[in-house]
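Grab a pencil and open the viewer. Below are a few exercises, each with a solution that goes step by step.

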Amino acid sequence: MKLDVEGYEDEVLKGADTSLSNKSLMAIQAESVSEFFRMTLYRYGFTRVYYDPYRRALLNKPIDYPSSNALFVKDEEFVAKRLRAAAPACVLDQRI
């Protein structure tokens, strides 16, 4: 799930119990992350991770280059496996 609601992420989560409880929801990405947002996702079993697109890897600490989005995953192994299996993409003339 990608949340880009111009600062209303907390309000979205307040009404998202059904979606957050869905076993098929494995990842949430958002730009604006408050303490409420983090704690809500933790309650639903999500963990904050960092994504390195050049290695297609999930990390436990921030990467060296800037990223404006936060990533939370419910099943890190599942998400990591999907990332490794995804077809390569071309970004700024670089194949990743």
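Let's start with one contact: the backbone oxygen of A87 lies 2.9 Å from a polar atom of the side chain of R56. That makes it a polar contact (a pair of N or O atoms within 3.5 Å; within protein, one must be able to donate a hydrogen and the other to accept it, and residues adjacent in sequence count only if both atoms are side-chain atoms).

Some ground rules before you go on. This is a predicted model, where local features need pLDDT of at least 70, side-chain atom pairs count only at pLDDT 80 or more, and totals for chains, interfaces and linings use all residues. Residues are numbered from 1 along each chain as its sequence is written, and side-chain values use heavy atoms, with hydrogens and water left out.

**Exercise 1. Work out the surroundings of R56: where does R56 lie, and is R56 buried or exposed?**

Step 1. Find the place. R56 sits in the loop between β3 and β4. Strands here are DSSP runs (E, at least two residues) and helices are too (H or I, at least four), numbered from the N terminus.

Step 2. Check the accessibility. R56 has 17% relative accessibility, so it counts as buried. The cut-offs are under 20% relative accessible area for buried, over 50% for exposed and partly exposed in between (1.4 Å probe, protein chains only).

Step 3. Look for a charged partner. R56 has no salt bridge, and the nearest side chain of opposite charge, D52, is 9.4 Å away. For a salt bridge, a side-chain nitrogen of Lys or Arg must be within 4 Å of a carboxyl oxygen of Asp or Glu. In the charge count, Lys and Arg are positive and Asp and Glu negative, while His and the chain ends are not counted.

Step 4. See what the side chain does meet. Besides A87, a polar atom of the R56 side chain has the backbone oxygen of A86 at 2.5 Å. Leaving out residues up to four places away in sequence, R56 touches several others, including Y51, L83, P88 and I96. Contact means heavy atoms within 4.5 Å.

**Exercise 2. Which two residues have a positive phi near 50 degrees, and where do they lie?**

Step 1. Recall the background. Most residues other than glycine have a negative phi.

Step 2. Take R56. Its phi is near 50 degrees, and R56 is in the turn of a hairpin that β3 and β4 form with four residues between them.

Step 3. Take L92. Phi of L92 is also near 50 degrees. L92 lies in the loop between β6 (90-91) and β7 (94-95), and with a relative accessible area of 81% L92 is exposed.

**Exercise 3. Sketch the open sheet: what is the strand order?**

Step 1. Write down the order. Five strands run β1-β2-β5-β3-β4, with mixed pairing. Two strands pair if DSSP finds at least two bridges between them.

Step 2. Mark the edges. β1 (2-3) and β4 (57-59) each have a single partner strand, so one side of each is left without a neighbour in the sheet.

Step 3. Add the pairings. β2 (residues 27-30) and β5 (residues 70-73) run antiparallel with four bridges, and I28 is partnered with F72. Three bridges join β5 to β3, again antiparallel, and here R48 is the partner of F72. β3 and β4 are antiparallel too, over three bridges, with D52 opposite A57.

**Exercise 4. How many salt bridges are there, and which residues form them?**

Step 1. Count. There are two salt bridges.

Step 2. Look at the first pair. R38 and E35 meet at 2.8 Å, N to O. They are three residues apart in helix α3, so about one helical turn separates them. R38 is partly exposed at 24%, and so is E35 at 45%.

Step 3. Look at the other pair. R55 pairs with D52, with the closest N and O atoms 3.0 Å apart. R55 is exposed at 55%, whereas D52 is buried at 8%.

**Exercise 5. What does the side chain of E9 reach?**

Step 1. Locate E9. E9 belongs to helix α1 (residues 9-14).

Step 2. Check for a charged partner. E9 is buried without a salt bridge, and K2, the nearest side chain of opposite charge, is 7.4 Å away.

Step 3. Find the polar contact. The E9 side chain reaches the backbone nitrogen of G7 at 3.3 Å.
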